[in-house]
Amino acid sequence: MTLLITLFAAIIVTVKWYNRKDDDMRLGILIFMYWGASLMWMIDAVFEYAELKEEFFAPAPADMLNDAFLGVAVVALGLVVWLVKLLITDPKGVIKKSLVNK
């Protein structure tokens, strides 16, 4: 589940980045985080399959739920890191403008 969730997030952000009109949102950082996480879990899945063989395809429901929570948490953490980076760099100058006017 972690692989699927981060892979979907990586694909969505990549499509959004590809169809951008400008680079003000700095989506490249988010793309690297999500594709890196997807690659990490792909390698993890390969090694887990090598260890478990056919049992790999029949996980317990509790394990799937834990993996889903982990995948959602990683996507959320990536969004938080990206948002903090975006607020610090302030590419459109919105925060600087609001602080100067007050």
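Select helix 1 (residues 2-18) and helix 2 (residues 27-52) together, and you will see that their axes come within 8 Å and cross at roughly 150°, so helix 1 and helix 2 are roughly antiparallel to each other. Angles over 145 degrees count as roughly antiparallel, those under 35 as roughly parallel, those from 65 to 115 as roughly perpendicular and the rest as oblique. The helices here are DSSP runs of H or I with at least four residues, numbered from the N terminus, and the axes are lines fitted to C-alpha atoms over the stretch in contact, with angles running from 0 to 180 degrees between N-to-C directions.

The model is predicted, so local features need pLDDT of at least 70 and side-chain atom pairs count only at pLDDT 80 or more, while totals for chains, interfaces and linings use all residues. Residues are numbered from 1 along each chain as its sequence is written, and side-chain values use heavy atoms, with hydrogens and water left out.

**Helix 1 against helix 2**

Keep both helices selected and look at how they pass: helix 1 goes by helix 2 in a left-handed crossing, a term that applies if the near helix is turned anticlockwise from the far one by less than a right angle, whereas clockwise is right-handed. Residues of helix 1 in this contact include Leu3, Leu7 and Val13, and those of helix 2 include Leu27, Ile31 and Trp35, where contact means heavy atoms within 4.5 Å. The residues of this contact divide into 15 nonpolar, 5 polar and 1 charged; Ala, Val, Leu, Ile, Met, Phe, Trp, Tyr, Cys and Pro count as nonpolar, Asp, Glu, Lys and Arg as charged, and the others, Gly among them, as polar.

Next select Val13, which is found in helix 1 and, at 11% relative accessibility, counts as buried (under 20% relative accessible area, with exposed over 50% and partly exposed in between, using a 1.4 Å probe and protein chains only). Not counting residues up to four places away in sequence, Val13 touches Leu27, Leu30, Ile31 and Tyr34.

**Bringing in helix 3**

Now add helix 3 (61-89), which packs with helix 1 at an angle of about 30°, with their axes 7 Å apart, and that makes helix 1 roughly parallel to helix 3. Helix 1 passes helix 3 in a right-handed crossing, and the contact includes Ile5 and Ala9 of helix 1 with Val72 and Val75 of helix 3.

To inspect this side, select Thr2, which lies in helix 1 and is buried, with a relative accessible area of 8%. Leaving aside its neighbours within four places in sequence, Thr2 is in contact with Trp41, Asp67, Leu70 and Gly71.

Then hide helix 1 and compare the other two: helix 2 and helix 3 pack at an angle of about 155°, with their axes 9 Å apart, which makes helix 2 roughly antiparallel to helix 3. Their crossing is right-handed, and the residues of the contact divide into 13 nonpolar, 1 polar and 1 charged.

**The core**

Finally, show all three helices and select Ala9, Ala10, Val13, Leu27, Leu30, Ile31, Tyr34, Val75, Trp82 and Leu86, the 10 residues of the largest nonpolar core, meaning a set of buried Ala, Val, Leu, Ile, Met, Phe, Trp, Tyr and Cys residues joined through side-chain atoms within 4.5 Å. Helix 1, helix 2 and helix 3 each supply at least two residues of this core, and the largest share, 4 residues, comes from helix 2.
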